[in-house]
Amino acid sequence: MPNPTAAMIVIGDEILSGRTRDSNMNHLAGQLTEAGIDLKEARMIGDESATIVATVKAMSAAYDYVFTSGGIGPTHDDITADCIAAAFDASIDIRDDARAILAAHYDKSGTELNAARLRMARIPDGAALIENPVSAAPGFRLENVYVMAGVPSVFTAMVASVLPTLTGGAPLISKTLRIERGEGDIAGPLGVLAQAYPELSMGSYPFQQNGKYGAHIVIRGNDEDQLNAALGKLEAAFS
């Protein structure tokens, strides 16, 4: 039975401008791989309502799980929550349980829960909250879309709280063979091997080191016996 599929949407003009480097996709990909959920697509988009709504609709229909990062803070350009609500025709407003979480957090620090901070308690109707143990402001899940913060430490914490609730499959296993030959020499035998093992994913990643050319051949799959057999044939071909 195939593994569940997933997609990620990274939201924010600061990502596209190069001002901020995204690390959340890399973290999520690793966590999903371990959970046996195949991340099939990732998109980076700006803070544009129509783009966010259209992307969420398309990915929600195409994949089992969709994860977003960014755009759920207290400022005027944090529009992700409203866009998720629009994508699913849900109303959105300040919700009592989210407000209570923020109130307790800011009371503890002696900080005012002002109108800007209350924006982070605006949750679409029908959504379930996602815990944020770092800065309290919750994410949420609506349908199969998990909406999380862009700040890496908060995103990582939210992913940790979400993962136990997901249904995964067989974890992806990866094995690597270093071959000190040019890709032109490797390509033929590797292509034959890929045809013999269609269930496995094979990639060639070239390198140049100390005057030597070669490639790291990475073979991925869910069946360790198949992986070992394919790796053995590849080693034999270049021994």
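In helix H8, the buried residues are Ile186, Leu190 and Leu193. These buried residues pack against strand E9 (173–179), strand E10 (201–209), strand E11 (212–221) and helix H9 (224–237). The model described here is predicted. The protein chain holds 9 helices and 11 strands, and buried residues account for 41% of its 239 residues. The points below treat helix H8, the chain as a whole, the pockets and the cavity in turn.

**Helix H8**

- Helix H8 covers residues 183–196, which amounts to 14 residues.
- From the first C-alpha of H8 to the last, the helix reaches 19 Å, close to the 20 Å expected at 1.5 Å a residue.
- At Pro189, H8 bends by about 25°.
- Among the buried residues of H8 is Leu190, which follows Pro189, the site of the bend.
- The partners of the buried residues of H8 include the strands E9, E10 and E11, as well as one helix, H9.

**The chain as a whole**

- The C-alpha trace of the protein chain spans about 70 × 40 × 35 Å along its principal axes.
- Of the contacts between residues at least 6 apart in sequence, 68% join residues at least 24 apart.

**The largest pocket**

- The volume of the largest pocket is about 470 Å³.
- Its lining consists of 30 residues, and the closest to the centre of the pocket are Gly70, Gly71, Ala149, Gly150 and Val151.
- Strand E1 (5–11), helix H1 (13–16) and helix H7 (152–162) each supply at least two residues of this lining.
- Helix H7 provides the largest share of the lining of the largest pocket, namely 3 residues.
- Sorted by class, the lining of the largest pocket contains 12 nonpolar, 12 polar and 6 charged residues.

**The second largest pocket**

- The second largest pocket encloses about 160 Å³ of space.
- Its lining is formed by Ala29, Thr33, Asp38, Leu39, Lys40 and Leu172.
- Helix H2 (24–35) and strand E2 (38–45) are the elements that give two or more residues to the lining of this pocket.
- Strand E2 gives the most to the lining of the second largest pocket, with 3 residues.
- By class, the residues lining the second largest pocket are 3 nonpolar, 1 polar and 2 charged.

**The cavity**

- Across the whole structure, a search finds 1 cavity of 30 Å³ or more.
- The largest cavity has a volume of about 100 Å³.
- It is lined by 13 residues, of which Ile72, Ala81, Arg119, Met120 and Arg122 are the closest to its centre.
- Two elements, helix H4 (80–87) and strand E5 (122–124), give two or more residues to the lining of the largest cavity.
- The largest share of that lining, 3 residues, belongs to helix H4.
- The lining of the largest cavity divides into 6 nonpolar, 3 polar and 4 charged residues.

Methods. Residues numbered from 1 in each chain as written. Predicted model: local features only at pLDDT ≥ 70, side-chain atom pairs only at ≥ 80, totals over all residues. Heavy atoms only, no water. 1 Å grid on protein atoms, 1.4 Å probe; cavity = no way out; pocket = protein on both sides within 12 Å on 5 of 7 lines; lining within 4 Å. Points joined across faces, edges and corners; volume = space filled by probe spheres on them. Helix = DSSP H or I, 4+ residues; strand = E, 2+ residues; numbered from the N terminus. Nonpolar A, V, L, I, M, F, W, Y, C, P; charged D, E, K, R; others polar. Expected span 1.5 Å × (residues − 1). Bend = angle between axes of the 7 residues up to and from the residue. Buried < 20%, exposed > 50% of the residue type's maximum accessible area, 1.4 Å probe, protein only. Contact = heavy atoms within 4.5 Å.
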